[in-house]
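Dear colleague,

I am passing on the structure below, together with some notes on what came out of it. Please look it over with the notes beside you.

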Amino acid sequence: MVARRQVADAFVSTGADAAAELALADAADLPVGQRLRQRRHGLALAVALGDLAGELPLERVTALLSDFADAAIDDAVAAAIAERVPGAKPCGFAVIAMGKLGSRELNYSSDVDLLLLFDPATLPRRAREDAGEAAVRIGRRMIELLQKRTEDGYVERVDLRLRPSPEVTPIALPVDAAISHYESSALPWERAAFIRARAAAGDIALGQRFLDSIDTFVWRRSLDFGVIEEVRQISARIRDHFAQGAEIGPGFDLKRGRGGIREVEFFVQIQQMIHGGRDPSLRSAATLDAIEALRGAGHLDERTAAALASAYRLLRTIEHRVQMVDDAQTHVLPAKAAELDNVAQLHGVADGNALIAELRPHVDEAGRVFDSLSPAERTVLSNDPDILKEDLARLGFADSEAAARHVAHWRSGKARSLRSPAARQAFEAMLPTLLPAIAAGATPDHALNRLSDIVERLSSGVNFFRLLEARPQLAELLATVLAHAPALADQLGRRPELFEGLFDASSFAMPPPAVDVAQALAGAMQGHPYDVALDRTRRLVNERRFALGVQLIDRRRDPLEVTEGYARVAEGALVALGGAAVREFEAAHGRFQDSELVVLGLGRLGGHSLTHASDLDLIYLHNVRGDGVSDGRKPLGPNDYFNRLASRVTAALSVPTASGPLYEVDTRLRPGGAKGMLVVSLDAFEQYQRTEAWTWEHMALCRARPVFGSPQVREKVAAMIESILRMPRDPAKVIVDAVKMRADMERHKPARSALDVKLGPGGLVDLEFAIHVLQLTTGVGLDTRLEFALEALAGEDLVPANIADALKLLSRMLVMMRLVAPANVKPTPETWQLVAEACGAATWNELLAEHDAARQSIATLWNRIKEGSR
């Protein structure tokens, strides 16, 4: 045996790590129980010396203690199995570490919180022995080896109470039964417990399979403020129960007191539960790592993160000082002055008063931060009809009687979303937050009507209502959406979880370039079956599109930026979903060597400028030459192969799933239109465009660009398109054809109103026709972005220099009006004012004047071009 003196000498001569290494190599020839006990004592001495000397930071102290516990538990499992089945490998029995061991934050006298699982199919057991009984015996023997006290002490204290229903369940659970429990009937607090869970010993692969299986239980994209409130209430009950040591001073409970270790951990875990379902980088088990991750992602400000980290380090360090005295399993500062002075001097300060003075500001700040989780006192709306009207009047409703009718209808319980007690409770708690925001808005009656529509359509609104109660700023945002954006309100009525995406500030960032959007979506799909992958992508894309619409209504971003954001998201979705469809299709039908599907984006997608309601104009091409069949187990010829593949891509983009629809896809711009083949070869496409295409098809090609395919093929196709657009043409014929087509379009699709900035005279379609005629007849400005095309044309004096301003103004109006005035909705004066301000005008009348001038300038340009046909 290595004497404790040798550990101390090793520390003095070579440092704490060398002393720890010496302690962990001790007693190799002794039985497992005795060996682990002696190593534990040696390690505790080495770590304590390094800790007190300031050589080992807190993270290193807890890591050394935790790593030893992992190894000790693993040895105990192996020994327990070997005793029962000599020579058997330690498989089929997994130990999940939870609590401080799970996060590798073990202290000197921590219990180890464990969950024991077994696989009946692989667990070593004696002949005719029941797997469950064998697992329990292995578990009991493991516990005995770890915590039985002998003359050498103990190894670890084991706590198994975090398993489901510990009062009635065996100490070791079948893994599939455990998975079923957490997927279907787990209690909310168990989510928080599993934030710090990891497979620590025994059959690690089995343990990891269990954790992977319950990942969606722990980390939910859908916010659940009910769970968050339950965790907060647990801490409040702990405060009440340990009230005697709740306030800083002698006898203070470092773990359970106000501002103590538990409150820091709970606060951090609540933030992780809120944000970690959407951001895997926030799922760190260790508290200090989680604080830093939350700070880095912008969910904790610098001051709060620093305060929590400082408090946690100091509290854990003082906790260690307390436990160093007699290996005490305590978290409480001594109440007696002499004993408190002793702990203080271990920490390097003069006495207990100095220690309390050092702790107090950190504890007070940690307590203040945790208290911020508690909701402020809310107004309770009366059930008495007359008093309710008075309540609503105080909240700001001018017509409190109409508002009271809405509230009375909601309280009747007829809406499906308000039938459960939990839903009604959440709804009542939310109303005093949301109703003042609606009352303060432009059109309270409109907003209440749209809120009623949402409440009626919701299948379950508990989380939605709790979110609004917990985040008043989101209630204000919802009030704005309800007042001004029926298109967004309609979406919320079908999918209220869209609003959860606004919880993170990152939702209001501009989407990254399409290639990055595609990469992020592909990552979200990875490892999931095809149908699940499609559903996940729809959810993410629809959240992005919804957030862009909210940015418009909330005046956070120039509408022109938002149109590009819509296009980036759409192109990224096409690339990601197209790639998934191709892989799924190739699994059955194989590939054509050196050949692929290519997709052209046209119209607004080609021009990088979509609105909330835009379709995707696509043309599908392939580059197979010759005949033959694909090389898969279900081979197909080129035409069948690529037509079926393109149909699969279209379906991936357009068919609704549980997460709703995505995009309408329009493929009528292909050769032959709706009657032509869905996919043609590049060679056939080029020949058609050069010899048979109508003028309008070349005009459409002016906004065509490859959006899907390998870089080499896309580059080749882009060059081919430019070559086609630069073909010699008869300018007079181009103008005649364009004028005829515009007249036909006007007959078949007339403007809906005088404010139809797209189809009306001098609108965006007239401008697009003018630009495309000039592009085809001069070869100038061959760019799919209309603003760049106009810049080049103006440089050659082919269009007025200020015509680009008309494009920008009408484009801003179009994207705004797609949200505020869909179909036959007639916006209120307040909404028109919002549109005016979003478009850069001070008033609606000022915007109308600018609108009239812009359309007049476009009409003048288009009339000038039309005159060339006469």
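**Helix H6 and its surroundings**

At the start of helix H6, a side-chain oxygen of Asp-130 comes to within 2.9 Å of the backbone nitrogen of Gly-132. Please keep in mind throughout that this is a predicted model.

Helix H6 covers residues 131-147, and because a rise of 1.5 Å a residue gives its 17 residues an expected span of 24 Å, the distance of 24 Å between its end C-alpha atoms agrees with that expectation.

The buried residues within H6 are Ala-131, Ala-134, Ala-135, Val-136, Ile-138, Gly-139, Met-142, Ile-143, Leu-145 and Leu-146. In reading that list, it may help to recall that an α-helix has 3.6 residues a turn, so residues three or four places apart point the same way. As for their partners, the buried residues of H6 pack against the helices H3 (32-52) and H4 (58-84), and also against the strands S1 (93-98), S2 (111-118), S3 (157-159) and S4 (172-174).

Turning to the protein as a whole, its secondary structure comprises 37 helices and 10 strands, and its C-alpha trace spans about 110 × 75 × 55 Å along the principal axes. Of the 870 residues, 56% are buried, while 72% of the contacts between residues at least 6 apart in sequence join residues at least 24 apart.

The accessible surface comes to about 36800 Å², with 51% of it belonging to carbon and sulfur atoms, and the mean positions of the 103 positive and 117 negative charges lie 4 Å apart.

With best wishes

How values were computed
Residues are numbered from 1 along each chain as its sequence is written. This is a predicted model: local features need pLDDT of at least 70, side-chain atom pairs count only at pLDDT 80 or more; totals for chains, interfaces and linings use all residues. Side-chain values use heavy atoms; hydrogens and water are left out. Helices (H or I, at least four residues) and strands (E, at least two) are DSSP runs, numbered from the N terminus. The expected span of a helix is 1.5 Å times one less than its number of residues. Buried means under 20% relative accessible area, exposed over 50%, partly exposed in between (1.4 Å probe, protein chains only). Contact means heavy atoms within 4.5 Å. A polar contact is a pair of N or O atoms within 3.5 Å; within protein, one must be able to donate a hydrogen and the other to accept it, and residues adjacent in sequence count only if both atoms are side-chain atoms. Accessible areas come from the Shrake-Rupley method with a 1.4 Å probe; for residues, only the protein chains shown count as cover. Lys and Arg count as positive and Asp and Glu as negative; His and the chain ends are not counted. The place of a charge is taken as NZ of Lys, CZ of Arg, CG of Asp or CD of Glu.
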